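Here is a short note for someone opening this structure for the first time. Please read it with the model on screen.

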Amino acid sequence: MKVGCIGLGDIAQKAYLPVLGVLSGVELHVQTRTTATLDRVGDSLHLPPGQRHRDLDSLLAQGLDAAFVHAPTAAHPEIVTRLLRAGVATYVDKPLAYELAESERLVELAEERNAGLAVGFNRRHAPAYAQCAEHPRDLILMQKNRVGLPEEPRSMILDDFIHVVDTLRFLVPGPVDDIAVRARVEDGLLHHVVLTLAGDGFTALGVMNRLSGSAEEILEVSGQDTKRQVLNLAEVIDHKGQPTVRRRGDWVPVARQRGIEQAVLAFLDAVRAGKVLSARDALETHALCERVVRAVRERSA
């Protein structure tokens, strides 16, 4: 199987290439326009010159079976369009695009071309979060905070808060019939945002504070007089009377802990099996993010 990785930035190098670079039966091709990065990454993975590419034309000429897109979000529409038109099953690091109309166009193009399209919502595959889907969930609270990073609303919501939005969608135990957004914007920069999703018997809260005291990710699900708390995707604390703590094993790779390894393997297994993956559900997350963006803008107008 010939697999391409487009964009060799931080997330590709830290999370995806350590998985892709050791898979048996995979001929890995990498592509970036930055020569120094291409040489350094290619050398670290012991890739021959024919598997290192400086442009997308050269990469597509290899007859790829699948591709992973880790280029900057602004470049996603053009890159993904070319891959789908070439019939290449494509995995895109979230989001598909900054604009909902572009995301919709890409999903429709994938369906027209009968090409698989997946979005990298790795938290659905993270073991600690997947286990929360089996826990009573009358109340869900997720926080993903940063230090000193207020940002323009659309880029912050689509590049980062989208993980919170998708995780809430993944965990809510039923249809959502009420959506509310609160936010603080100063001088055009989003300081914090709170999303509430509610339905019959449950409430889910998603919080992002870009002026928090620490960089952290906390998930809590509770119901039936019991609570499960996950800290930074690594530590699970179950509360039922006395708390019990489970920590990530010393030898568990970070990519497995964060669900990236599982997401990669699930995508490639689908491609091998000839299954055409649909990004329709991922598109619902993008649509909800667009609703958050509009609500934030209305509040700051």
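1. Is serine 212 buried or exposed? Serine 212 counts as buried, because its relative accessibility is 15% and the cut-off for buried is under 20%. Bear in mind that this is a predicted model. The residue sits in a loop, the one that joins strand S10 (202-209) to S11. Setting aside neighbours within four places in sequence, serine 212 is in contact with Asn145, Arg146 and Val147.

2. Arg146 also leads to the largest pocket. Arg146 is one of the residues nearest the pocket's centre, along with Ile11, Lys94, His163 and Arg258. The lining counts 37 residues in total. The space inside comes to about 900 Å³. Several elements give two or more residues to this lining: helix H1 (10-20), strand S7 (139-145), helix H7 (153-171), strand S11 (216-223), helix H8 (254-257) and helix H9 (260-272). H1 gives the most, with 7 residues.

3. What classes of residue make up that lining? Charged residues number 15, nonpolar residues 14 and polar residues 8.

4. Turn next to helix H4. How many of its residues are buried? The count is 7 of 10, so H4 is largely enclosed by the rest of the structure. The buried ones are His76, Pro77, Ile79, Val80, Thr81, Leu83 and Leu84. They pack against a mix of helices and strands: strand S1 (2-6), helix H3 (56-60), strand S4 (66-69), strand S5 (89-92), H5 and strand S6 (117-119). After H4 comes glycine 87, with a positive phi near 80°.

5. The pairing of H4 with H5 deserves its own point. Two packed helices are described by the angle between their axes and the distance between the axes. Helix H4 (residues 76-85) and helix H5 (residues 100-113) pack at about 10°, and their axes are 9 Å apart. That angle makes H4 roughly parallel to H5, because angles under 35 degrees count as roughly parallel. From H4, the contact uses Pro77, Val80, Thr81, Leu84 and Arg85. From H5, it uses Glu102, Arg105, Leu106, Leu109, Ala110 and Arg113. By class, the contact has 6 nonpolar, 4 charged and 1 polar residues. The spacing of such residues fits a general rule: an α-helix has 3.6 residues a turn, so residues three or four places apart point the same way.

6. Leucine 190 is worth a look. Its place is in strand S9 (residues 189-199). Leucine 190 is buried, with a relative accessible area of 0%. Methionine 156 is 34 residues away in sequence, yet the two C-alpha atoms are 7.7 Å apart. Which residues does leucine 190 touch, not counting those up to four places away in sequence? They are Pro150, Glu151, Pro153, Met156, Ile157, Ala183, Arg184, Val185, Arg210 and Val296.

7. Last, arginine 246, which is found in strand S14 (residues 242-247). Arginine 246 counts as partly exposed, because its relative accessibility is 38%. Its C-alpha atom is separated by 5.8 Å from that of glutamate 235, a residue 11 places apart along the chain. Glu235 is also among the contacts of arginine 246, leaving aside neighbours within four places in sequence. The others are Gln131, Arg228, Ala234, Val236 and Asp238.

Terms used: Residues are numbered from 1 along each chain as its sequence is written. This is a predicted model: local features need pLDDT of at least 70, side-chain atom pairs count only at pLDDT 80 or more; totals for chains, interfaces and linings use all residues. Side-chain values use heavy atoms; hydrogens and water are left out. On a 1 Å grid over the protein atoms alone, a cavity is a set of points where a 1.4 Å probe fits but cannot get out, and a pocket is an open set with protein on both sides within 12 Å along at least five of seven lines; lining residues have an atom within 4 Å of a point. Grid points are joined across faces, edges and corners, and a volume is the space filled by probe spheres set on the points. Helices (H or I, at least four residues) and strands (E, at least two) are DSSP runs, numbered from the N terminus. Ala, Val, Leu, Ile, Met, Phe, Trp, Tyr, Cys and Pro count as nonpolar, Asp, Glu, Lys and Arg as charged, and the others, Gly among them, as polar. Axes are lines fitted to C-alpha atoms, for helices over the stretch in contact, and angles run from 0 to 180 degrees between N-to-C directions. Angles under 35 degrees count as roughly parallel, over 145 as roughly antiparallel, 65 to 115 as roughly perpendicular and the rest as oblique. Contact means heavy atoms within 4.5 Å. Buried means under 20% relative accessible area, exposed over 50%, partly exposed in between (1.4 Å probe, protein chains only).
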